[in-house]
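Here's a quick briefing for anyone opening this structure for the first time. Take a look at the model, then read on.

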Amino acid sequence: MTRIELVTGDLTLERVDAIVNAANSSLLGGGGVDGAIHRAGGPEILAECRRLRATTLPDGLPTGRAVATTGGRLAARWVVHTVGPVWPGEGPEAVRRRALLEDAYRNSLALAAELGAASVALPAVSAGVYGWPAHDAAEVAVATATAAAAAPGLVRFVLFSERMHATFAEAAARLGADV
Ligand code: AR6
């Protein structure tokens with residue numbers, strides 16, 4: 001059984017086994033939560049990302065996939081890096097990319113479980129720089145976590161603002177999810 005929690009806060013301060021990074025395909029850092037994780041976790045995380053690029057991921061991490069590194073100086077033992085899709089605007093392409101956002105959550109949760117994490121904390125992937133509308137990003141996140149076949153026992157969404165927290169709570173209520 002997986003328990004899902006919604007909290008407002010800073011993901012980098014989470015005392016969980018693994019945190020999920022909303023990265024980009026390069027895995028070499030960026031702004032938003034990605035920048036915050038590298039700043040807080042220190043250079044060991046980037047060094048491991050560079051090793052991954054030099055070995056198994058020469059073309060980078062495809063959208064929707066997940067890969068793990070050390071948590072460096074973070075309380076979390078692992079960072080699970082995933083890449084959400086960029087919002088393309090309303091239309092058929094949004095439907096296709098929505099499936100990639102589901103993949104990002106599903107693959108991140110499965111990888112955290114495979115590593116042996118009992119708890120994992122996640123941000124609202126794609127809902128910042130990548131522009132995904134918050135209400136839909138929240139719905140994908142909660143629906144995918146609720147339905148995940150493989151996930152740690154505790155899945156905690158750490159939302160950066162009260163507004164995003166309320167948006168996730170509304171999505172959970174719409175879905176009838178137990179959070
Ligand atoms: N803790 C929790 N949530 C945070 C934090 C934090 N410390 N900082 C930001 N957020 P974003 P994306 C929220 O832009 O949309 C990067 O440059 C933020 O308010 O971090 O997937 C990457 O390198 C928003 O709700 O990720 C990529 O290039 C959510 O985290 C690109 O941004 C996600 O926003 C990825 O864009």
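In this predicted model, an N or O atom in the side chain of aspartate 34 sits 2.7 Å from an oxygen atom of the ligand. That's a handy place to start, and the rest of the ligand's surroundings can be built up from there.

**Polar neighbours of the ligand**
- Aspartate 10 also brings a polar side-chain atom to the ligand, this time 2.9 Å from a nitrogen atom.
- With valine 129 it's the backbone that takes part: one of its polar atoms is 2.8 Å from a ligand oxygen atom.
- How much of the ligand does the protein bury? On its own the ligand would expose 700 Å², and the protein buries 89% of that.

**The shell around the ligand**
- There are 23 residues around the ligand, and the ones that come nearest are Asn24, Gly31, Val33, Asp34 and Val129.
- Sorted by class, the shell is made up of 13 nonpolar, eight polar and two charged residues.
- Two elements each give at least two residues to this shell: β2, spanning 18–23, and α1, spanning 32–41.
- Which element gives the largest share? That's α1, with four residues.

**The largest pocket**
- The ligand sits in the largest pocket, which holds about 570 Å³ of space.
- Some 28 residues line this pocket, and Ala22, Gly32, Val33, Asp34 and Gly128 are the closest to its centre.
- You'll meet α1 again here, since it provides the largest share of the lining, five residues.
- At least two lining residues each come from β2, α1 and β6, the last of these covering 154–159.
- By class, the lining splits into 15 nonpolar, 10 polar and three charged residues.
- Val33 and Asp34 turn up twice: they are among the residues that come nearest to the ligand, and also among those closest to the centre of the largest pocket.

**The second largest pocket**
- Next comes a pocket with a volume of about 190 Å³.
- Its lining consists of Met1, Thr2, Arg3, Ile4, Ala145, Thr146, Ala148, Asp178 and Val179.
- Which elements give two or more residues to that lining? They are β1, running 3–8, and α4, running 134–147.
- Five of the residues lining the second largest pocket are nonpolar, two are polar and two are charged.

Terms used
Residues numbered from 1 in each chain as written. Predicted model: local features only at pLDDT ≥ 70, side-chain atom pairs only at ≥ 80, totals over all residues. Heavy atoms only, no water. Near = heavy atom within 4 Å. Polar contact = N/O pair within 3.5 Å; in protein donor to acceptor, adjacent residues only side chain to side chain. Areas by Shrake-Rupley, 256 points an atom, 1.4 Å probe, with all protein chains shown as cover. 1 Å grid on protein atoms, 1.4 Å probe; cavity = no way out; pocket = protein on both sides within 12 Å on 5 of 7 lines; lining within 4 Å. Sits in = over half its atoms within 2 Å of the grid points. Nonpolar A, V, L, I, M, F, W, Y, C, P; charged D, E, K, R; others polar. Points joined across faces, edges and corners; volume = space filled by probe spheres on them.
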